[in-house]
Amino acid sequence: RLVLGIETSCDDTGAAVMDETGVVLGEFLHSQKEVHLKTGGIIPTVAQQLHREHIAHVVQEAMNRSGVTPGQLSAVATTIMPGLALSLGIGLHFSLQFVRQHRKPFIPIHHMEAHALTVRMLQPIEFPFLVLLISGGHSLLALARGIDDFLLLGQALDEAPGDTLDKVARRLSLTKHPRCSGLSGGQALELLARDGDRSKFPFKTPMGQHYDCNFSFAGLRNQVNMVIKKQEQVEGVEPGAVLSCVNDIAAATQHTIACHLAKRTHRAIMFCKAKALLPTNNPTLVVSGGVASNQYIRKALTVITDTTGLQLLCPPAALCTDNGVMIAWNGVERLRAGRGILPFDQEVSYEPKAPLGVDITADVKEAN
Ligand code: ATP
Ligand code: FE
């Protein structure tokens with residue numbers, strides 16, 4: 001059996017053809033990141049237009065590379081939630097046309113479920129396992145109990161860590177920094193932080209008084225912005241000029257984000273242990289999303305998993321960010337389980353907001 005996966009939920013147009021065992025037969029990805037980097041953020045109508053321009057070519061290229069014809073496909077799987085409405089709409093519209101033309105079943109995919117399950121494509125991880133998803137659009141902790149059975153333990157109350165890193169990088173004008181050209185905000189700050197002293201700016205770790213697993217990064221961004229403003233005055237430079245202490249600010253910001261993520265993850269692990277929600281044999285924490293490629297953050301999480309006896313797994317960077325492969329894999333998982341497979345002529349709509357699984361974030365709070 002063969003599945004075509006299509007992803008357009010945010011700013012990547014991705015497609016992949018996969019066989020039943022998870023082998024990628026062909027894939028193609030068109031990233032809009034450079035365009036959005038120039039405008040300092042994603043403008044939904046621009047993202048929509050770029051998806052519209054590229055989707056047919058991206059899908060065709062993935063199909064060509066796989067050597068599979070539409071007639072040989074068993075199903076088409078496409079992200080329909082959550083994400084930017086205008087972006088989701090393009091992928092869904094294209095996919096429905098495709099399945100109707102070729103009379104193939106359609107499998108709607110939840111983007112965050114796909115991120116969470118990607119790891120199973122690479123190695124046989126049994127349910128249940130704990131997942132930390134950290135990206136530009138999300139920050140959440142969940143227990144994966146089955147391919148479509150999740151418990152949401154904690155989520156972002158304001159912005160996601162990747163968003164914070166991107167905004168701080170923009171405030172620091174890192175695109176003008178000679179070492180950071182072409183890098184995302186998170187990558188730029190990680191690079192500069194290596195030569196920085198985090199103790200120069202001791203930011204407060206967010207939500208110290210909140211005994212749950214939710215995340216908050218907006219307050220930290222305020223603290224960082226205030227420090228940047230003050231340093232601009234101290235150094236007597238214009239707002240947005242590259243500061244001499246930029247490495248120290250990068251190191252302190254990254255460190256505080258790592259601490260916050262590690263503390264929330266530790267609490268989630270303790271909660272799951274107390275409620276016997278994790279297997280005693282080889283319990284696992286999966287970390288994914290663009291921010292998961294950060295080595296400093298990963299090290300902080302490793303300290304937590306080492307002390308609590310979990311193994312930490314993180315898919316390779318290309319599979320942590322948005323791509324068609326993870327959508328095809330989620331399609332394969334659903335096809336194998338016979339779940340969520342729709343006939344080609346069924347009406348389907350996209351859902352920009354779609355929480356992951358059953359929300360028990362309030363219970364996690366009570367348990368502490
Ligand atoms: P989502 O997947 O939630 O829809 P997204 O498309 O913005 O959102 P990803 O593509 O998974 O998310 O990741 C991009 C984010 O990851 C950016 O915010 C970027 O700054 C961040 N990022 C990338 N590399 C690193 C790194 N090495 N350290 C920290 N953050 C990073
Ligand atoms: Fe994503």
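**Exercise 1. Find the residue in β5 that V76 stands opposite, then follow β4 to its neighbours on both sides.**

Start with the pair itself: V76 stands opposite F106 in β5. A word on the ground rules: this is a predicted model, where local features need pLDDT of at least 70, side-chain atom pairs count only at pLDDT 80 or more, and totals for chains, interfaces and linings use all residues. Residues are numbered from 1 along each chain as its sequence is written, while chains are lettered from A and ligands numbered from 1 in the order in which they are written.

Next, widen the view to the strands (E runs in DSSP of at least two residues, numbered from the N terminus; helices are H or I runs of at least four). β4 and β5 (residues 106–110) pair in the parallel sense over 5 bridges; two strands pair if DSSP finds at least two bridges between them. A77 has I107 as its bridge partner in β5.

Now turn to the other neighbour. β1 (residues 2–7) runs parallel to β4, with 4 bridges joining them. Here G5 is partnered by A77 in β4, and I6 stands opposite T78.

**Exercise 2. Put the strands of the sheet in order and work out which ones are at the edges.**

Reading across, the order is β3-β2-β1-β4-β5, an open sheet of 5 strands with mixed pairing. The edges are β3 (24–31) and β5, as each pairs on one side only. On average, neighbouring strands are turned by 20° against each other, direction ignored.

Then check burial (buried means 20 or more other C-beta atoms within 10 Å of the residue's own, exposed 12 or fewer, partly exposed in between, with C-beta atoms placed from the backbone). In β4 (residues 75–81), 7 of 7 residues are buried. For β5 the count is 5 of 5. In a regular strand the side chains alternate between the two faces of the sheet. In β5, F106, P108 and H110 sit on one side, I107 and I109 on the other, and both faces are covered.

Finally, add the helices. α2 lies across β1, β2 (12–19) and β3, at about 160° to β3. Helix α12 (residues 324–337) touches β1, β2, β3, β4 and β5, and its direction makes about 135° with that of β1.

**Exercise 3. Describe how α2 packs against α3, and place Q48 in that picture.**

Take the geometry to begin with: α2 (residues 44–66) and α3 (residues 85–102) pack at about 20°, with axes 8 Å apart. That makes the two helices roughly parallel, the label for angles under 35 degrees (over 145 is roughly antiparallel, 65 to 115 roughly perpendicular, the rest oblique). The crossing is right-handed.

Then list the residues that meet: P44, T45, A47, Q48, H51, R52 and I55 from α2, and L86, S87, I90, G91 and F94 from α3. They divide into 6 nonpolar, 5 polar and 1 charged.

Last, zoom in on Q48, which lies in α2. Leaving aside neighbours within four places in sequence, Q48 is in contact with L86, S87 and I90, where contact means C-beta atoms, placed from the backbone, within 7 Å. Q48 counts as partly exposed because it has 18 C-beta neighbours inside 10 Å.

Conventions
Axes fitted to C-alpha atoms, helices over the stretch in contact; angles between N-to-C directions. Left-handed = near helix turned anticlockwise from the far one by under 90°. Contact = placed C-beta atoms within 7 Å. Nonpolar A, V, L, I, M, F, W, Y, C, P; charged D, E, K, R; others polar.
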